[in-house]
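Colleague: Could you take a close look at one helix in this model, and say which of its residues face inward and which face outward? A word on a site or two elsewhere in the chain would also be welcome.

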Amino acid sequence: MSTITRSRAESLSIQQMRTFCCVYEQGGYSGAEDVLGLAGPTMWEQVKTLEKIYHTPLFQRVGRNIQPTAAGTKLYQLLLPLLANVESTFEILAEDADEAPKQIRLVTGVRMMLEELGEPFEQFRAANPDVTLRLMTADNQSSQVLVSEGKVDLALMIEPPPGAVDPSITCQRLYPIEYLAILPARHRLLRKSQLCLEDLVTQPMILGNSNTVGRQQLEQAMFRLGLQQPLSIVAETDNSAITIACVRAGLGVGVIAGREDGNLTRHVAVRSLASDLGQVYVVAAYRKGRQLTRSLTDLMNRIRAQPKSST
């Protein structure tokens, strides 16, 4: 690093970087003022100081509003993991001193909560009796937002395709599941030894909505297999548990990402669609740059090592 670059880096402060990121996220100084509790002129001066240090404008005025420049967007993406790393140092040292907050905030899908997480949570609780799990449910996109905004520590979700991963988060694979066809117990298609998408697309279908990973994978597979007929969709859901409930109620057939031996599928028929849709993973998502505490690492390891069968 040159002397000039080192001098510029030494001029930076955590507060300047945090203010800039907050103004970026809130789309202006007034919103950031509510979050940070700093006066508008103070934040403006901090952002202007950053612009002088980096020798480039970070925001541009459009009418009465401001928008980030290309350099501002790039700097925001670079600073987020740095700030997450710095913030996590307090958690790690506090944990070493037994002063860390005794809560882990976790968001996941309903199906995972009901079918796969009970045993790992029980084991974690036995090993960490002073740590409370704050559990929430949300879809894939909402979970990523909660992680990015620092409102949860961890999200457990279906692995998004590369282009659908928020650049401010890190995804770590935990365990595989597969795409499944869910049918009423006496459906006529069950006479076939093996089902494929071509069999299902002529049926009334219950699918995840267009924002879900499963729906996107289904549509890509249909294109790849040359299945061009319009789907007869009777219901769209935002989680697999509701899809299974709709199938059980007789509305049609469903496609989910899950496990053949899951508790929720006991009263419906299940067939693998792995040959058409491939394998999928459950991932743990957390803020990029964050160093995980021992308790978070322990929880992730227990979920990763869960039994292959839930029955």
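**A close look at α3**

Modeller: On the other side of α3 from its buried residues, S30 and D34 are exposed, where exposed means over 50% relative accessible area, buried under 20% and partly exposed in between, with a 1.4 Å probe and protein chains only. The model is predicted, so local features need pLDDT of at least 70 and side-chain atom pairs count only at pLDDT 80 or more, while totals for chains, interfaces and linings use all residues. Residues are numbered from 1 along each chain as its sequence is written, and side-chain values use heavy atoms, with hydrogens and water left out.

The helix itself spans residues 29-36, and its buried residues are Y29, G31, A32 and L36. These buried residues line one face of α3, because they fall within an arc of 155 degrees when seen down its axis, the arc being that of the directions from the helix axis to the C-beta atoms. They pack against α2 (14-26), α4 (40-54) and β2 (65-68), and after the helix comes G37, whose phi is positive, near 75 degrees.

Elsewhere, R302 has its place in helix α13 (residues 294-304) and is partly exposed, with a relative accessible area of 24%. Apart from its neighbours within four places in sequence, R302 is in contact (heavy atoms within 4.5 Å) with P120, Q123, F124 and A127. Q279, in turn, counts as exposed, because its relative accessibility is 52%.

How values were computed
Helices (H or I, at least four residues) and strands (E, at least two) are DSSP runs, numbered from the N terminus.
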